[in-house]
Structures are given as C-alpha cells and as structure tokens.
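Please open the model in a viewer and keep the sequence panel beside it. The stops below are meant to be selected one after another.

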Amino acid sequence: MTPFSTKGETTDQTRLLFQLLNDTTVLSNYDIPGRVFSILMESISYGIIVVAFFGMTGNIIITFTKMGFSESINISYCALCISDILCIIAFSWNALCFIPAFTDLDLPFIPSEIVIVTGGSAVEIFSETTAWITAFISLERCLCVVFPLKVKDIVRPRRTVFIVVTIFALTILPLASITFYIYVFYSRFDTKTNRTLIGVRLRKSSLANTIFYIHPFFKMVFMNITPLVIVFVCSLSMAVHLNRSAAWRLNQSGSISLNAKDNKAMRKYLKDTRVAKTVLAIATCFMVLESFGALRRLVAATLPEFRLMGAYSRFFKAITRLAFSFSLINSSVNFIIYYKMGKKFRHTVKHMLLSNGQ
C-alpha cells in the first residue's frame, strides 16, 4: 500500500481505518483479544477522567494565583499552565468518546470517528505545545544559571511573551491545518437508528495519502525527540553548574565574612537556585513521562505492523492510550511541584484558600 495510491485504494484504506477504529476487524491472532481490549480501553478512559479532574483544578489554581508577571519565569509558567489546561480538556473528551455510557447515547455523530480530529489529534497538538514550552523554560533557566551576569539582557518579560506566543502559533496552526486537510467531515444515513450521523473519513487524494504517512515521522522528530533532547541537555547543564556553584559558595562562606551586599547576593542566588530546582523537577517529570510516547512513535515508525492499520492495531491503540495517560499526568503534576518547591506559590495558595474559606 504505497503513499501514491489510486482513488479506489484510498477508499479501501479509509474503510479499513474506520473498521479498525470501530474494532470490527482482527488482523492478527497475536493481537489483544477483543473483549480484553474493550475492558482495557474503558478502564484507562475512566482513569484519565479522574486524573483530568485533579489536573484541571490544579492548573486553574496556578493560572489564576496572583503570582505577578514582573518576572519572565512566571510568564512561562502561566503559558505552560494554559497549554496543560488545553491538553487536559482534549484528554477528557478523548476518554469520554471511549466510554460506553456516553457512546451508547442517542448522539448525532459517530464518537469513534469524530474523536480522531477533536480528541486524538487535539491531544497530540497541545501535548507538543507543552513539550516546546517545557523546552523553552529549561533553556531559559539554563541560560540564567550558566550566564547569571547576562541574564537580564537575555531573558526579558516582553521577549518571553513573544516566544511563548510564537510556540503556540507554530505548534497549533500547522498541525491543526494538516489534521483538517487529511480528515474531512461527512454525513451518512444509519439504518439502525434511522438517522443521519456525522462522521470523519480520510480525504481521497494522493497528497492527503502522502501526508498521512509522512506526518507521523515529522511529529516524531520535531515534536517529540527534539524537545526531549533540548530539555535533557539543558537539565544536565543546570545540574552541573548548580553543583559547581554550590561548592564554590560553600568554600567562600567558610573563609570570608558576608557583608550586607554579600547577603543580598546570597539571597538572589538562593532564589535563582530554587527556581532552577523547580524547573529541573518539571523537566525530569517531562522526560520520564513523555519518553514513553516518543518510544511509541519510534517503534511505530520502524515497525509497520505496530500501526493503526497494522497487524497489531489493538495493541497499538492500547499503548497509545497509555502514552496519553502519561502525558496527562505530566500536564497535571506541575501543581504538586510548584506547591512543594515554591515558597511564594505555597504562601499565595494558602492565603487564597483561607480567604475563600472565611
């Protein structure tokens, strides 16, 4: 089945794709049994809904907590929270479309098809936005640690706003455009319900067919592996420089008495160190949780059987659902990190909760 298939072949691919989405075809005796697959997907979907509730609550608190935007790092944190909220909304909708209690309702659309564009693709787009914002935050803090005397010239609030807006634009617009070009909405009459239902199908063109096969490789390289590499390199550099700086200051504090100016410098150093450690915690969670999704893409790229239309279609969809779950945890765990490691954030949240409780 080549990318440049004829119209008839493209129609067959579309039919096979949605047979797989509706789980009406078993392509391999070694794939997951249908009953086990249904229970697994439903269970993971319920788990996603629960995690999404807590993740949404935490990110809303972060976004609307009065931390101030005078510092560029707070702007980056806010952008990360907005991206995480969009991720969680997409995750929740995606999970809902695989829960029988919802899909069995008298809906005007076909959930297993509509979710391709509005759920699965949206999850991947916003997850990739989160990945690049995390990479930017890691790079920003790395520069602050490596070049502390030049940080005010390198990192500025307006420049940070411009960069995060650019990240949102360059990750959402192209990927959304590709998705809505590959897939088109259509309506068909369902004889079982005696109603016209809205669904989604692959566009019948050679260009769309080519993009359908190339698109995953593009996302794997530029949207998964590249941000992971940037976060890893920046985190490693930060850890090395923080250890060196801590050792140097320990030696200096033992031989030189601190005056008022030294105390001010020390307070600034401790503040920058706390921020760097917070970013390192965020980066570590990102690398651990998102590596599973990057590995899934790598295996799918090198093993044709492990794809949506491969011999292990159900196994691929189950692993994809698990990868979504790990990405959801990554989008939901930042509140715990901020609360545990951010003294100002912890104080602000406590004050906000106490004020609302009165």
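The tour begins with the whole chain and then moves to single elements and residues.

**Whole chain**

Start with everything shown as a cartoon, and keep in mind that this is a predicted model. The protein has 12 helices and 2 strands. Coloured from the start of the sequence to its end, the elements come in the order α-α-α-α-α-α-α-β-β-α-α-α-α-α. Of the 358 residues in the protein, 45% are buried. Among contacts between residues at least 6 apart in sequence, 79% link residues at least 24 apart.

**Annotated spans**

Next, select residues 44–65, 77–102, 161–186, 221–242, 275–295 and 315–339, which an unreviewed UniProt entry annotates as "transmembrane region". Two of these spans can be looked at one by one.

Residues 77–102 are 88% helix and 0% strand. A distance drawn between the C-alpha atoms at the two ends of 77–102 comes to 34 Å.

Residues 161–186 are 85% helix and 15% strand. Here the end C-alpha atoms are 39 Å apart.

**The hairpin**

Select residues 183–190, strand β1, together with residues 195–202, strand β2. The two strands pair in the antiparallel sense over 8 bridges. They form a hairpin, with 4 residues between them. In the turn, N194 has a positive phi of about 60 degrees.

Two pairs across the hairpin are worth labelling. S187 has I198 in β2 as its bridge partner, and V184 stands opposite R201, also in β2. With side chains switched on, one general point helps: in a regular strand the side chains alternate between the two faces of the sheet.

**Two glutamates in α5**

Now select helix α5, residues 111–146, and show E128 as sticks. Is E128 buried or exposed? E128 counts as buried because its relative accessibility is 3%, and the cut-off for buried is under 20%. Beyond its neighbours within four places in sequence, E128 is in contact with T171, L175, K219, M223 and R297.

E124 is in helix α5 as well. With a relative accessible area of 15%, E124 is also buried. Leaving out residues up to four places away in sequence, E124 touches K219, R296, R297 and F324. K219 and R297 can be kept on screen, since each appears in the contacts of E124 and of E128. Draw a line from the C-alpha of E124 to that of K219: the two residues are 95 apart in sequence and 9.1 Å apart in space.

**The largest cavity**

Keep α5 visible and turn on a cavity display if the viewer has one. The whole structure holds 4 cavities of 30 Å³ or more. The largest cavity has about 170 Å³ of space. It is lined by 17 residues, and those closest to its centre are S127, N224, E290, R297 and S327.

Which helices supply at least two residues each to this lining? They are α5, α8 (206–255), α9 (260–302) and α10 (313–332). The most comes from α9, with 6 residues. Colour the lining by residue class, and it divides into 8 nonpolar, 4 polar and 5 charged residues. R297, among the residues closest to the centre of the largest cavity, is also in contact with E128.

**S331 in α10**

Move along helix α10 to S331. S331 is buried, since its relative accessible area is 2%. Its contacts, not counting residues up to four places away in sequence, are N59, D84, C87 and I88. For a distance across the sequence, choose S331 and L86: they are 245 residues apart along the chain, and their C-alpha atoms are 9.5 Å apart.

**F217 in α8**

The last stop is F217, in helix α8. F217 counts as partly exposed because its relative accessibility is 37%. Apart from neighbours within four places in sequence, F217 is in contact with A301 and R307. The C-alpha atoms of F217 and A300 are 9.4 Å apart, with their positions 83 residues apart along the chain.

Terms used: Residues are numbered from 1 along each chain as its sequence is written. This is a predicted model: local features need pLDDT of at least 70, side-chain atom pairs count only at pLDDT 80 or more; totals for chains, interfaces and linings use all residues. Side-chain values use heavy atoms; hydrogens and water are left out. UniProt positions are given in the numbering used here, feature names are shortened, and annotations may be inferred rather than shown by experiment. Buried means under 20% relative accessible area, exposed over 50%, partly exposed in between (1.4 Å probe, protein chains only). Contact means heavy atoms within 4.5 Å. On a 1 Å grid over the protein atoms alone, a cavity is a set of points where a 1.4 Å probe fits but cannot get out, and a pocket is an open set with protein on both sides within 12 Å along at least five of seven lines; lining residues have an atom within 4 Å of a point. Grid points are joined across faces, edges and corners, and a volume is the space filled by probe spheres set on the points. Ala, Val, Leu, Ile, Met, Phe, Trp, Tyr, Cys and Pro count as nonpolar, Asp, Glu, Lys and Arg as charged, and the others, Gly among them, as polar. Two strands pair if DSSP finds at least two bridges between them.
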